[in-house]
Amino acid sequence: MEQIAYVNGSFVPLADAKVSILDRGFLFADGIYEVAAVLDGKLIDNASHLARLERSVGEISLALPESLPRIQEIQQELVRRNSLVNGMVYLEVTRGADTGRDFAFPTGVKPTLVMFTSVKDIVNAPSARTGIGVITVPDLRWARRDIKSVALLAQVLAKQAAAAAGAGEAWMIEDGKVTEGGSSSCFILTQDDVIVTRQNGSAILPGCTRKAVVALAEERQLRVEERAFSVEEALAAKEAFITSATVFVQAVVSIDGKPVADGKPGPMTSRLREIYVDFARATAV
Ligand code: PDD
């Protein structure tokens, strides 16, 4: 079946989905993106993704070309037109295409809004059973990682290094502490059963899955601490895991080739994964 994308008001075959070479997303990475998971044809935790989209565009003074309710309608329409059952919807908004390449904001230019879907069975992914290994890399990114910017070169290099090493993710390190994964939030479970994840702030993206998992854990009286942790602490932990829209909750079984605990996904990670999937199904739109 031909894949359908959305470009500035139109649903078009993916091969015809094009933007100008003067688009500021292309020239300056002057744009914001979001990735929402799809389960059984429905969007997961989308209100949270749209709230973060609104915040990100606000932080770079970019006006959305459509309202948030309309954006959700377009996401849903795209899922329908692609007969997407399980996967994700990618959306990107940029400051549009001016007549040349000027760094300062153009006037009277309409932002670009594009979306496409991809297929992934997140719930039954093989890595959900086996867990993944991660490598560590220096965090080379800019100082506003709380903005979900399309400037992802540091993450591209980090995740390529992980792929080349046969690992599933790269954990980025700054000042001796883990900031986050190339495209995920990082967690550990300490020996005294505290779930630890780095506090939000400009050093990390405020993950939507992270937020939901923290709230779901707290509702169940599990102990959660939001603070930075080191690789040494992660290697001494009972469990480690990552969260994101594209993996939900995913066990980390080794770091730089050294096993975390017995090198297998732990019970807390499996429990939080089940709790999250139940929440996802119950709140899907
Ligand atoms: N990335 N941290 C970073 C740097 C991310 O890029 C992501 C998500 C997350 C997790 O956020 P969330 O739980 O809202 O997906 C944390 C998306 C999935 C991506 O770039 O593909």
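Select Cys208 to begin, and display its sulfur: the closest cysteine sulfur, in Cys186, is 16 Å away, which is too far for a bond. The model is a predicted one, in which local features need pLDDT of at least 70 and side-chain atom pairs count only at pLDDT 80 or more, whereas totals for chains, interfaces and linings use all residues. Residues are numbered from 1 along each chain as its sequence is written, and side-chain values use heavy atoms, with hydrogens and water left out.

With Cys208 still selected, note that this residue counts as buried because its relative accessible area is 4%; buried means under 20%, exposed over 50%, and partly exposed in between, with a 1.4 Å probe and protein chains only. Cys186, to be selected next, is buried as well, at 3% relative accessibility. The structure holds 0 disulfides, a disulfide being a pair of cysteine sulfur atoms within 2.5 Å.

Move now to helix α5, residues 153-164, where Val156 lies; helices are DSSP runs of H or I of at least four residues, strands are runs of E of at least two, and both are numbered from the N terminus. Val156 counts as partly exposed because its relative accessibility is 48%.

Keep α5 highlighted and turn to the largest pocket, which has a volume of about 810 Å³. Its lining comprises 43 residues, of which Tyr33, Lys148, Gly182, Ser183 and Ser184 lie nearest its centre, and α5 gives the largest share of that lining, 4 residues. On a 1 Å grid over the protein atoms alone, a pocket is an open set of points with protein on both sides within 12 Å along at least five of seven lines, a cavity is a set where a 1.4 Å probe fits but cannot get out, and lining residues have an atom within 4 Å of a point. Grid points are joined across faces, edges and corners, and a volume is the space filled by probe spheres set on the points.

For the cavity, select Lys238, Glu239, Ala240, Val252, Val253, Val260, Lys264, Pro265 and Gly266, which line the largest one. Its volume is about 30 Å³, and strands β13 (239-244) and β14 (248-255) each supply at least two residues of its lining.

Finish at Phe28, in helix α1, residues 24-28, which counts as partly exposed because its relative accessibility is 21%. Add Val150 to the selection: the C-alpha atoms of Phe28 and Val150 are separated by 9.4 Å, although these residues are 122 residues apart along the chain.
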